Amino acid sequence: MENYSKARVLEQPSPCPFTDLPADTPQVRVKDGSKIRNLLRFALSRMEADPRRAEEQERLPPPEDGNPEGPQEATSRPLCRQIVFTGCGKGVSKAVTCAEIVKRRLKGLHQLTRLTYSSVEEVWRPLEPSAGLDSLSVSRNLPTVWILLSKEPLDRQQPGYQAPGRYDALWAQAAGREEGGGAAGQRGGPRRKRGGGGGRGKGAGRSREPGKGAT
């Protein structure tokens, strides 16, 4: 593809796999170039009641990605009980990051995750039209993640369900293991010092040689 340049990318949005959501549930679409700070401001303004944050949102520009509704409209609407984050391709990791930050900010959220594929068509055009090359269209299927965060209880039997506080418990266990490993590493220091005592023993043996010569 050295003789071509990417002209445009046409993404065919995949339908939301959560079909029984209320009509006012916001969907935040995360892209590779999205700013996590702007996405979180919008999401928290729809899920968290904080008058001071609402005043700050009115002075901020609307997010460049995600739901077309800006923060100014979001603060005037009632709070939502559920929110959906979705990302395609390189935006998958950012979507997961946004969901985890919201879960740490708002305790007690139930999570449901779905993995799908989205169709993307790339149009490539030749760098030199006079070379006789034709334009190319490349279709690809990219992995897409859908994360539903809900204040209301969800069906625990559904695949991809994660109960509230489960991730915090895993972090606590990991922190405990790290603390235990640090203590073990501290015990290893004195052992090296004891091993170094052999040098002093050798030095003591040499000190006896003058005594033998005196006799």
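Author: In this text, a residue is buried when its relative accessible area is under 20%, exposed when it is over 50%, and partly exposed in between, with a 1.4 Å probe and protein chains only. The structure is a predicted model, in which local features need pLDDT of at least 70 and side-chain atom pairs count only at pLDDT 80 or more, while totals for chains, interfaces and linings use all residues. Residues are numbered from 1 along each chain as its sequence is written, and side-chain values use heavy atoms, with hydrogens and water left out.

Reader: What makes arginine 46 count as buried?

Author: Its relative accessibility is 2%, which is under the limit of 20%, so arginine 46 counts as buried. Arginine 46 belongs to helix 1, and its C-alpha atom is separated by 5.2 Å from that of leucine 79, although the two residues are 33 residues apart along the chain.

Reader: How do you know which helices and strands there are in the protein, and how many are there?

Author: Helices (H or I, at least four residues) and strands (E, at least two) are DSSP runs, numbered from the N terminus. By that rule the protein has 7 helices and 6 strands, and their order from the N terminus on is β-β-α-α-α-β-α-β-β-β-α-α-α. Across the 215 residues of the protein, 31% count as buried.

Reader: What makes a group of residues the largest nonpolar core, and which of its members touch the most others?

Author: A nonpolar core is a set of buried Ala, Val, Leu, Ile, Met, Phe, Trp, Tyr and Cys residues joined through side-chain atoms within 4.5 Å. The largest such set holds 20 residues, and the members that touch the most others are Val28, Ile83, Phe85, Val102 and Leu149. Two or more residues of this core come from each of strand 2, helix 1 (36-47), strand 3, helix 4 (92-105) and strand 5, with the largest share, 6 residues, given by helix 1. Apart from this core lies another, of 9 residues, including Cys16, Val84, Leu112 and Trp146.

Reader: With what is isoleucine 83 in contact?

Author: Contact means heavy atoms within 4.5 Å. If neighbours within four places in sequence are left aside, isoleucine 83 is in contact with Thr25, Pro26, Val28, Ala43, Met47, Ile147, Leu148 and Leu149. For the protein as a whole, among contacts with a separation of 6 or more, 78% are between residues 24 or more positions apart.

Reader: Why is leucine 109 called buried, when its place is in a loop?

Author: The value of 3% is under 20%, so leucine 109 is buried, even though its place is in the loop between helix 4 and strand 4. Not counting residues up to four places away in sequence, leucine 109 touches Met47, Val102, Lys103, Leu149, Ser150, Lys151 and Pro164. Its C-alpha atom and that of leucine 149 are separated by 6.0 Å, with their positions 40 residues apart along the chain.

Reader: How do you know that glutamate 48 and arginine 105 meet in a salt bridge?

Author: A salt bridge is a side-chain nitrogen of Lys or Arg within 4 Å of a carboxyl oxygen of Asp or Glu, and the N to O value for glutamate 48 and arginine 105 is 3.6 Å, which fits that limit. Glutamate 48 lies in the loop between helix 1 and helix 2 (51-58), and arginine 105 in helix 4, so the pair ties together parts that are 57 residues apart in sequence. At 18%, glutamate 48 is buried, whereas arginine 105, at 40%, is partly exposed. The whole structure has 5 salt bridges by this search.

Reader: What makes arginine 81 and glutamate 152 a salt bridge?

Author: Their closest N and O atoms are 2.9 Å apart, which is within the limit. Arginine 81 lies in the loop between helix 3 (71-75) and strand 3, and glutamate 152 in the loop between strand 5 and strand 6 (161-162), so this pair ties together parts that are 71 residues apart in sequence. Both are partly exposed, arginine 81 at 44% and glutamate 152 at 36%.

Reader: Which residues are linked in a network of salt bridges?

Author: Lys6, Glu122 and Arg140 are linked in this way. Within the network, the side chains of glutamate 122 and arginine 140 meet at 2.6 Å, N to O. Glutamate 122 lies in strand 4 and arginine 140 in strand 5, so they tie together parts that are 18 residues apart in sequence. Glutamate 122 has 5% relative accessibility and counts as buried, while arginine 140, at 38%, counts as partly exposed.
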